[in-house]
Amino acid sequence: MKSLIRLLSLCFVLLLTVSAIAEAPADDNELQAKYEQRVFKCMETLTKCLTDDINVYGTPKEVLKGSDAWKRLSKYDGGWFSKNISKTIKNPRTDGWERVSDTAFCVNVYCDYEVVYIRNREPVVYPCAYHLCFTQTDARKDVWMIQDFHVLENPNDLIFAEKLTSENEGIAVTPVIGATFTGFMMTIDDPSRVFVGTIPRFRSSAGAMTIDEIVELNDALGGINGGGFNEGNAASPMGIVYSMGEHKQEHTPNHFLTRTLIGFDENNKLHVGNYSIKEVDQMNLRDALGFGPALIIEGEAQETGDNQNEYSTRTAIGQDAEGRVLMLAIRGRQPDSMGADMKDLIKIMQDFGAVNAGNLDGGMSTAMYLNKTIVYSGYRLEASRTLPCGFLIRK
């Protein structure tokens, strides 16, 4: 509830940053000169609020309720950054100015968002790029508010993905984008290459490893993070664990986090669903983890409920009708990507042809690694948080 109140307040403050625009939009060639500084101020408010879990206060009476912007911001889950930081917006710039009508205009706005950490960390620069649309809500007072916004694709993502694809035979890396997120999909042609790699010993006090360490330990090429684990001991996975045919941990069908089984059988088919322990014993699993919720089962999109439908950093895995494995990592909680919800994950998986797909652990646990390259880490501090296991790709 506190998160919702904060986010609705954020929405209001964001809208108020442009309420002082004094005139209706003029011709297209005059828009930039008149409103660019106001747009920069709006971008500054948006990016700073999306990248820190801070208190923002406002009054709801001026909010453009029911707009796309309202709906998106009300679902945003706050974000995570170290508290010991300073934040600077550099190189603000705009293009694509468009006069929609006398009471509406849209613009693309970009910046470089630098985070300076106090303790033993190099500064990090995040690109931010949004398409913003403004609507005049009160002509007498010349009040302007944000009606809609969506993130813009970073062209460097495409260059990065093409390079990884060219360097790794049988694996394609593709950028993905939605209204509130960017990310990457890895498609692995041969499903027999995908397996669950684990740390040497569960539940040891210092046994958990980062995703790059787990990949190296298992002589793999890359992979993504997997299911949940004990927050007090990252070497303790939660839910079922099968690794290369070895049953390492029991299924927990009654646990709300890990009751969904996500794993491959001996015929390299991905199974996703809520199964009993008896059913699991008859599935001939070779590699599996527990998390959820299920996203797609045998071609049918699943109801995921509302409990996980805020925007956040996400990891998911799926398989298409040809057997190709789909590994997805969505950026979240950063200036250029608020994150995705479960419906977004379902749509992405459907767009890539998935017939079965499941959600894996997200947030700071999200990690994608390929051929000694961090494709994305939700942790930011390293290749990933320390983890007990993940879905890996054989060389």
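1. The second largest pocket in this predicted model has a volume of about 400 Å³. Its lining is made up of 21 residues. Those nearest the centre of this pocket are F291, R333, D361, G362 and G363.

2. Sorted by class, the lining of the second largest pocket holds eight polar, seven charged and six nonpolar residues. Glycine is counted as polar in this scheme, so G362 and G363, both among the residues nearest the centre, fall in the polar class.

3. For the largest pocket, the volume comes to about 490 Å³. The lining consists of 18 residues, and Y126, R331, I374, V375 and Y376 are the ones that lie nearest the centre. Three elements each give two or more residues to this lining: β3 (124–138), α4 and β22 (373–377).

4. By class, the lining of the largest pocket comprises eight nonpolar, six charged and four polar residues. For the second largest pocket the corresponding counts are six nonpolar, seven charged and eight polar.

5. Turning to ring contacts, the structure contains six aromatic pairs. One of them joins W97 and F105, whose ring centres are 6.0 Å apart. The planes of these two rings meet at 15 degrees, and the pair is therefore stacked, the cut-off being under 30 degrees.

6. Are W97 and F105 buried or exposed? W97 has a relative accessible area of 12% and is buried. F105 is also buried, at 1% relative accessibility. Both values fall under the 20% limit for that class.

7. A second pair, F160 with F184, is edge-to-face. The ring centres of F160 and F184 are 5.7 Å from each other, with 80 degrees between the planes. This pair links distant parts of the chain, its two residues being 24 residues apart. F160 belongs to helix α4 (residues 155–167), whereas F184 is in strand β6 (residues 182–188).

8. The two partners of this edge-to-face pair fall in separate accessibility classes: F160 is partly exposed at 25% relative accessibility, while F184 is buried at 1%. The value for F160 lies between the 20% and 50% limits, which is why F160 is not classed as buried.

9. Which residues make up the aromatic cluster that includes W97 and F105? The cluster is formed by Y35, W97, F105 and F134. The stacked pair described above, W97 with F105, thus lies inside this cluster.

Notes
Residues are numbered from 1 along each chain as its sequence is written. This is a predicted model: local features need pLDDT of at least 70, side-chain atom pairs count only at pLDDT 80 or more; totals for chains, interfaces and linings use all residues. Side-chain values use heavy atoms; hydrogens and water are left out. Rings of Phe, Tyr and Trp (its six-membered ring) pair if their centres lie within 6.5 Å; planes under 30 degrees apart count as stacked, over 60 as edge-to-face and the rest as tilted. Buried means under 20% relative accessible area, exposed over 50%, partly exposed in between (1.4 Å probe, protein chains only). Helices (H or I, at least four residues) and strands (E, at least two) are DSSP runs, numbered from the N terminus. On a 1 Å grid over the protein atoms alone, a cavity is a set of points where a 1.4 Å probe fits but cannot get out, and a pocket is an open set with protein on both sides within 12 Å along at least five of seven lines; lining residues have an atom within 4 Å of a point. Grid points are joined across faces, edges and corners, and a volume is the space filled by probe spheres set on the points.
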